[in-house]
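Please look at the sequence and the model below, and keep both in view while you read. The report turns to a nonpolar core and then to a group of aromatic rings.

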Amino acid sequence: MNNRIYLYIVVMAGVTYLIRVLPLTLIRKEIKNTYIRSFLYYVPYVTLSVMTFPAILTATASVWSAVIALIIAIFLAYRGKSLFVVSLAACAAVFLTELFL
């Protein structure tokens, strides 16, 4: 098992390296397709959302307090409030919900 861990690390490094190098070597021209450009534009946002959403639901003692805070945060963010206001409101929502549950 101890010798196989080095093989696992080498395979992981190779796969990670290939994912980053292949697009640079295969795509030399500017991408003009609007569908592909919009897809590539939103990839970082989707990745961040996919990593953040499960953490939001499991960060509190109750799923209900997390859902209520998430709804409040989405509503305030949609209304154009600052990140500071949204985070304070979400924290207050979790605190109050946990206090009464």
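In this predicted model, the largest nonpolar core is made up of seven residues, namely A69, A73, L76, V86, A90, A93 and V94. Two helices, α3 (63–78) and α4 (83–100), each supply at least two residues of this core, and α4 gives the most to it, with four residues. As a general background to such a grouping, nonpolar side chains in soluble globular proteins tend to be buried together.

One member of the core, V86, can be followed further through its contacts: leaving aside residues up to four places away in sequence, V86 touches A73, L76, A77 and K81. Of these partners, A73 and L76 are themselves listed among the residues of the core.

The aromatic rings form a second topic. The count comes to three aromatic pairs, and two of them are set out here.

| Aromatic pair | Centre to centre | Angle between planes | Arrangement |
|---|---|---|---|
| Y41 and Y42 | 5.0 Å | 85 degrees | edge-to-face |
| Y41 and Y45 | 5.9 Å | 55 degrees | tilted |

Y41 appears in both rows, and ring pairs link Y41, Y42 and Y45 into a cluster. Within helix α2 (residues 34–58), Y41 and Y45 lie four residues apart, which is about one turn of the helix.

Are Y42 and Y45 buried, partly exposed or exposed? Y42 has a relative accessible area of 48% and is therefore partly exposed, because this class lies between the limits of 20% and 50%. Y45 also counts as partly exposed, at 48% relative accessibility.

Definitions and conventions
Residues are numbered from 1 along each chain as its sequence is written. This is a predicted model: local features need pLDDT of at least 70, side-chain atom pairs count only at pLDDT 80 or more; totals for chains, interfaces and linings use all residues. Side-chain values use heavy atoms; hydrogens and water are left out. A nonpolar core is a set of buried Ala, Val, Leu, Ile, Met, Phe, Trp, Tyr and Cys residues joined through side-chain atoms within 4.5 Å. Buried means under 20% relative accessible area, exposed over 50%, partly exposed in between (1.4 Å probe, protein chains only). Contact means heavy atoms within 4.5 Å. Rings of Phe, Tyr and Trp (its six-membered ring) pair if their centres lie within 6.5 Å; planes under 30 degrees apart count as stacked, over 60 as edge-to-face and the rest as tilted.
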